[in-house]
Amino acid sequence: VKGDGRPEPGARPLGLRLFNGDESARYRRRRRLFVALWIAVTLGLTVPVVPPVWSPRPFVLGLPTSFAWVIACLAVTFVALVWLYRSERREGD
Amino acid sequence: MEAWAVAVVVCAAYLAITLVTGVASGLRVSHSVAGYVAADRSMSLVVLYFVLGASIFSSFAFLGGPGWAYSRGVAALYIVAYGTIGMIPMYFFGPRARRLGERFGFVTQAELLAHRYDSRTLSVLLAVLSVAVFVPYLVLQMKGAGLILETISGGRVSFAVGAGVCYAVVMIYVLTSGVLGVGWTNTFQGMFMMVVAWALGLYLPRKLYGGVGPMFERIAASEHAALLEAPGLDGGGEPWTWAAFGSAVLVSGLGFTMWPHLFMKSYAAGSERALRLTVVLYPTFQLFLIPILLVGFAGVLAFPGVEPADSIVPFLLTRLDLSPILVGLVSAGTLAASMSSGDSILHAAASIGIRDGVARLRPLDDRAERLFIRILVVALSLVAFYFAVVSEVSLVALLLGAYGGVAQIFPLVFAAFYWPRATRAGAIAGLVSGLVVNTLFLVRPDLGPIPGLHEGIYGLAANTTALVGVSLLTRPDARERVDAFVEA
């Protein structure tokens, strides 16, 4: 980086570039929120953070709690995807 | 007509419909490699949805899923869990891959990575990896088809004839219609297997226990109650560890959209909207694993001790007093699961083998490339048939190992799109070290510091470290190449 703060010609940023620069702030916020939710669901499905959701009882709609928990994670993912897709379509991003 | 013959006739009718659908669908596409491999980038939402869904749900889901539920209990939830998280990256990667495919003419995953990292070595390496993981995958699909026809016909249709006839049908429509043959047959097969799975998954618990709730109540009160304690049991019947369960979900989830035959469907999408919406709607396809697992649980108390566990579905079909038409429909549903994955794998393996392997070493024109892809379709079918029918090599272990291998592609794809500083040397170092470490811990799990942790995790750690370290130590890749990807 030169003294005036502009990058040197040919220099590359060291970090990740998650957006390409022309997206709106709302678009970025929504995508960040979605990825945060995705990470939360991933944790919820891989680590027993809240042990009761993985226990067999009580039965939920006839299914063991763990079974219902996994389906609930699938449902939450689906709703979040619909939300992201619809809001991006609305803005024409 | 005898009961077995009715069931076989139902399966034959299913095969005939599949063949006609597959051959007819190819009449609409151009005679070019882009037409054969990527459907001229024209697939609609409906076709794309079923291609992805039905390609993912193989005979492993239809036979192995219930087998896991039957023998390992809630460990089988691992299949639902990794599918839930696994499709998401496609929402972000898919449209970028599609745009780049349109701009540079890519039709495979390796082409995209080889272009970004400017490396022929990477292309050939990925082609070898793809074909190596696809052959055992294809063999298992063939075995599933042979097994189901042999079982329901009481051995009158031999294993070899069953597998041979089903895969002759697949080979014909893949040869004539390319990916569109795969697309339209998968639409038919996908709808068919969903209906069959839901019908069977709700019917069996009701018939055997009076409903899903009573079924689980009885399992919980029986000596098999440990099946319902998360995270289930391991292959030897001992409690599975959370490290093993969680890492298996994570590795399979990250590898999910990296499977080359799934990744390359991004290029076949007719529009970005169709591609995004396919990802959005995918959980509705994933739901159908629920009745599939219920079928396995239904066998626990009714028929204990079935070996191997994967044969629980054909076992239930032959032991319960079901209508032969229903037996035929369920069997055809299982064939649909096998063939709708087998066709996609066969098509991708041949396309990748020629386009990313042979054509990289010796340039081919469009016509020659199409011809060679077709020759490889036939050759791979024969090789897979040999392994399915003649060879006794255990392939399940090989395939399970493949998941860790395929996941090693993830850091390269992520860096191609989001990390401008990634370099060719870094990408090759990452992939090679990831594959080597993955294979090492697959063969020698006892060397792992955390018991039960999936070998793919060690591979991904080595992969990411090498990718980042070597990239930072080498000169950045050409700017225009990098920018085309991070700005796509």
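B:Arg370 is a residue of helix α18 (residues 366-389) of chain B. In this predicted model, B:Arg370 is buried, at a relative accessible area of 10%. The points below start from that residue, then take up helix packing, loops with unusual backbone geometry, cysteines and chain A as a whole.

**Around B:Arg370**

- Leaving aside residues up to four places away in sequence, B:Arg370 touches B:Ser30, B:His31, B:Ser32, B:Val33 and B:Tyr36.
- B:Arg370 and B:Ser331 are 39 residues apart in sequence, and their C-alpha atoms lie 34 Å apart in space.
- The 10% relative accessible area of B:Arg370 falls under the 20% cut-off, so the residue counts as buried.

**Packing of α4 and α16 in chain B**

- Helix α4 (residues 59-72) of chain B packs on helix α16 (residues 312-319) of chain B at an angle of about 90 degrees, and the two axes are 8 Å apart.
- An angle from 65 to 115 degrees counts as roughly perpendicular, and α4(B) and α16(B) are therefore placed in that class.
- On the α4(B) side the contact residues are B:Phe62, B:Leu63, B:Pro66, B:Gly67 and B:Tyr70; on the α16(B) side they are B:Ile312, B:Val313 and B:Pro314.
- Sorted by class, this contact of α4(B) with α16(B) holds seven nonpolar residues, one polar residue and no charged residues.
- Gly counts as polar by the rule used here, so B:Gly67 is the polar residue in the contact.
- In general, an α-helix has 3.6 residues a turn, so residues three or four places apart point the same way.

**Helix α7 of chain B and the residues after it**

- Seven of the eight residues of helix α7 (residues 109-116) of chain B are buried, so this helix is largely enclosed by the rest of the structure.
- The buried residues of α7(B) are B:Gln109, B:Ala110, B:Glu111, B:Leu112, B:Leu113, B:Ala114 and B:Arg116.
- B:Asp118, just after α7(B), has a positive phi of about 50 degrees.
- B:Ser119 sits in the loop between α7 and α8 (120-152) of chain B.
- With a relative accessible area of 3%, B:Ser119 is buried.
- Apart from residues up to four places away in sequence, B:Ser119 touches B:Ala114, B:Arg424 and B:Ile428; of these, B:Ala114 is one of the buried residues of α7(B).

**Cis peptide bonds**

- In chain A, the peptide bond between A:Arg57 and A:Pro58 is cis, with omega at about 0 degrees.
- A:Pro58 belongs to the loop between α1 (25-46) and α2 (65-91) of chain A.
- In chain B, a cis peptide bond joins B:Ala230 to B:Pro231, also with omega at about 0 degrees.
- B:Pro231 is located in the loop between α10 (212-220) and α11 (242-256) of chain B.

**Positive phi at residues other than glycine**

- A:Leu61 is not a glycine, yet its phi is positive, at about 50 degrees.
- A:Leu61 lies in the loop between α1 and α2 of chain A, the loop that also holds A:Pro58.
- A relative accessibility of 85% means that A:Leu61 counts as exposed.
- B:Arg41, likewise not a glycine, has a positive phi of about 55 degrees.
- The loop between α2 (33-38) and α3 (45-56) of chain B contains B:Arg41.
- B:Arg41 is buried, as its relative accessible area is 16%.

**Cysteines**

- A disulfide is a covalent bond between the sulfur atoms of two cysteines.
- With a cut-off of 2.5 Å between cysteine sulfur atoms, the count is zero disulfides over all chains.
- B:Cys11 is in no disulfide; the nearest cysteine sulfur belongs to B:Cys166 and is 7.8 Å away.
- B:Cys11 is buried, at a relative accessible area of 1%.
- A:Cys73 also counts as buried, at 6% relative accessibility.

**Chain A as a whole**

- Chain A has two helices and zero strands.
- Of the 93 residues in chain A, 38% are buried.
- Among contacts in chain A with a separation of 6 or more, 46% come from residues 24 or more positions apart.
- The exposed area of chain A is about 5,600 Å², and carbon and sulfur atoms supply 67% of it.

Definitions and conventions: Residues are numbered from 1 along each chain as its sequence is written. Chains are lettered from A and ligands numbered from 1 in the order in which they are written. This is a predicted model: local features need pLDDT of at least 70, side-chain atom pairs count only at pLDDT 80 or more; totals for chains, interfaces and linings use all residues. Side-chain values use heavy atoms; hydrogens and water are left out. Axes are lines fitted to C-alpha atoms, for helices over the stretch in contact, and angles run from 0 to 180 degrees between N-to-C directions. Helices (H or I, at least four residues) and strands (E, at least two) are DSSP runs, numbered from the N terminus. Angles under 35 degrees count as roughly parallel, over 145 as roughly antiparallel, 65 to 115 as roughly perpendicular and the rest as oblique. Contact means heavy atoms within 4.5 Å. Buried means under 20% relative accessible area, exposed over 50%, partly exposed in between (1.4 Å probe, protein chains only). Accessible areas come from the Shrake-Rupley method with a 1.4 Å probe; for residues, only the protein chains shown count as cover.
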